[in-house]
Amino acid sequence: MDNTFYKCPACGSALQYGASSGKLECASCGNLYDLADVKAMVGEDSAKSTFNWGDWKSNLKKNTDSEAKVYICKFCGAEILTDGTTAATHCPYCDSEVVVNDAFDGGLRPNGVIPFKITKDKMKEIIGNFGKGKKLLPRDFFTEKRIRETQGVYVPFWLFDGTVRGSVVYDAKKIVERNDGEYREKETTTYSLEREGSIAFANVPVDGAEKMDDALMESVGPYDFKEIVDFQPAYLSGYLADRFDQDPDASIGRAEELMKESAKDNFFRTTSEYTEVQATNADLSLISPSVKYVLLPVYIINCKYGNKEYRYAINGQTGKMVGELPISKQRKNAYFWGVFGGVTAVLAALLCLL
């Protein structure tokens with residue numbers, strides 16, 4: 001099947017999905033196009049099947065592989081090299097936006113997508129605020145060139161639903177202190193507690209891209225999943241996107257862990273009347289799990305300082321930015337000696353007064 005290229009019908013320039021307008025935008029002539037109109041324009045089939053957990057293995061084997069692939073840009077004729085998981089990219093020669101249809105064929109189409117809402121201009125403001133006031137941050141760490149090269153990416157995520165059922169046993173104490181003015185006494189009563197029940201969970205996210213840092217992808221949330229819309233390839237135009245390469249069978253363990261930890265926290269909150277509480281046993285099971293395959297918007301920024309690589313993520317829906325900031329050794333030393341020198345000067349002045 002041919003890949004889908006997005007070009008302006010009026011001037012032939014590349015169309016990109018606009019985070020603020022919710023339409024496909026032409027930067028050259030300024031025209032805006034509704035996604036439904038472009039869908040008809042490129043002849044997208046609206047009857048394509050979406051991801052089904054029970055069939056994903058056969059669909060993956062039948063329709064895709066992990067080998068590098070070469071596609072021909074139908075506008076300039078250049079070869080576009082992709083890996084086996086690439087879902088959206090652009091031609092490096094004519095900047096045509098292309099969605100790789102193979103990534104979504106045969107039941108591998110996402111169940112939904114949250115489109116980008118944070119514009120690239122807003123993204124630059126967020127990066128500037130993230131580093132603002134950090135006295136020990138290396139100068140020009142977030143350079144204009146680096147920010148300009150930052151790319152929005154649709155990251156594949158699994159959203160798991162399920163119910164955690166079971167019980168948690170605790171050793172608990174109630175400590176009562178009495179003080180009548182003359183005597184003080186402490187009375188301790190011990191208890192064995194059990195909390196039992198079921199807690200339903202919905203949309204527990206687990207990163208489905210092996211190349212992404214799982215801790216970074218978890219910390220960039222939460223997302224407002226009420227804003228998930230039906231998947232259309234046009235949302236990807238102007239951004240990068242990958243198909244999942246971390247499968248749902250391998251990811252459900254992390255989802256189960258997150259659900260059970262949350263269930264334990266909920267059970268623990270019911271023991272607040274006790275002075276000390278210690279869990280001694282937990283017997284929890286995940287029942288009736290299900291999963292959806294969605295694409296979530298993230299800006300990825302890669303920076304290098306010294307010999308260490310730093311990666312940052314910005315939630316493309318909410319604007320939340322996460323990542324570890326480096327410390328400049330020069331600025332750290334200058335700050336230390338500035339403070340130390342100031343203290344020394346004050347001590348010297350005080351000694352002169354003695």
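Thr4 sits in strand β1 (residues 4-6), where helices (H or I, at least four residues) and strands (E, at least two) are DSSP runs numbered from the N terminus. Keep in mind that this is a predicted model, in which local features need pLDDT of at least 70 and side-chain atom pairs count only at pLDDT 80 or more, while totals for chains, interfaces and linings use all residues. Residues are numbered from 1 along each chain as its sequence is written, and side-chain values use heavy atoms, with hydrogens and water left out.

**Two buried residues**

Is Thr4 buried or exposed? Thr4 counts as buried, because its relative accessibility is 13%; buried means under 20% relative accessible area, exposed over 50%, and partly exposed in between (1.4 Å probe, protein chains only). Leaving aside neighbours within four places in sequence, Thr4 is in contact (heavy atoms within 4.5 Å) with Val42, Glu97, Val98, Val99 and Asn101. Ala88 is 84 residues from Thr4 in sequence, and their C-alpha atoms are 9.5 Å apart in space.

Tyr239 lies in the loop between α5 (214-219) and β12. Tyr239 is buried too, with a relative accessible area of 5%. Which residues does Tyr239 touch, not counting those up to four places away in sequence? They are Tyr17, Ala19, Ala88, Thr89, Glu97, Phe116, Gln151, Gly152, Tyr154 and Tyr299. The C-alpha atoms of Tyr239 and Phe116 are separated by 9.4 Å, with their positions 123 residues apart along the chain.

**The chain as a whole**

You will find 7 helices and 15 strands in the chain. Of its 354 residues, 41% are buried. Among contacts between residues at least 6 apart in sequence, 73% join residues at least 24 apart. The chain exposes about 19300 Å², and carbon and sulfur atoms supply 49% of that area; accessible areas come from the Shrake-Rupley method with a 1.4 Å probe, and for residues only the protein chains shown count as cover.

**Salt bridges**

How many salt bridges does a search of the whole structure find? The search finds 14, a salt bridge being a side-chain nitrogen of Lys or Arg within 4 Å of a carboxyl oxygen of Asp or Glu. Here are some of them, with the separation of N and O atoms.

| Salt bridge | N to O separation |
|---|---|
| Lys122 and Glu125 | 3.2 Å |
| Asp224 and Lys226 | 3.2 Å |
| Glu324 and Lys308 | 3.3 Å |

The bridge between Glu324 and Lys308 links distant parts of the chain: Glu324 is in the loop between β15 (321-322) and α7 (329-353), and Lys308 is in strand β14 (residues 308-315), 16 residues apart. Lys308 counts as partly exposed, at 36% relative accessibility. Elsewhere, Glu218, Arg254 and Glu257 are joined into one network by salt bridges that share partners.

Lys122 and Glu125 both belong to helix α3 (residues 120-131), where they are 3 residues apart, about one turn of the helix. Lys122 is partly exposed, at 36% relative accessible area, and Glu125 is partly exposed at 42%. In the remaining pair of the table, Asp224 is partly exposed with 27% relative accessible area, whereas Lys226 is exposed with 74%.

**Surface patches**

Patches are made of residues with over 30% relative accessible area and no salt bridge; like charges are joined within 9 Å, and nonpolar side chains (Val, Leu, Ile, Met, Phe, Trp, Tyr) within 5 Å. Glu210, Asp213, Asp214 and Asp245 form a negative patch. Lys and Arg count as positive and Asp and Glu as negative, with His and the chain ends not counted; the place of a charge is taken as NZ of Lys, CZ of Arg, CG of Asp or CD of Glu. Asp245 lies in the loop between β12 (240-242) and α6 (248-268) and is partly exposed, with 32% relative accessible area.

Val70, Ile72 and Leu81 make a nonpolar patch of about 320 Å². Leu81 is in strand β6 (residues 79-82) and is exposed, with a relative accessible area of 65%.

**Backbone details**

The peptide bond from Gly221 to Pro222 is cis, with omega near 5 degrees, and Pro222 lies in the loop between α5 and β12. Asn203, in strand β11 (residues 184-207), has a positive phi near 60 degrees. Ser288 has a positive phi near 55 degrees; its place is in strand β13 (residues 276-305), and Ser288 is exposed at 64% relative accessibility.
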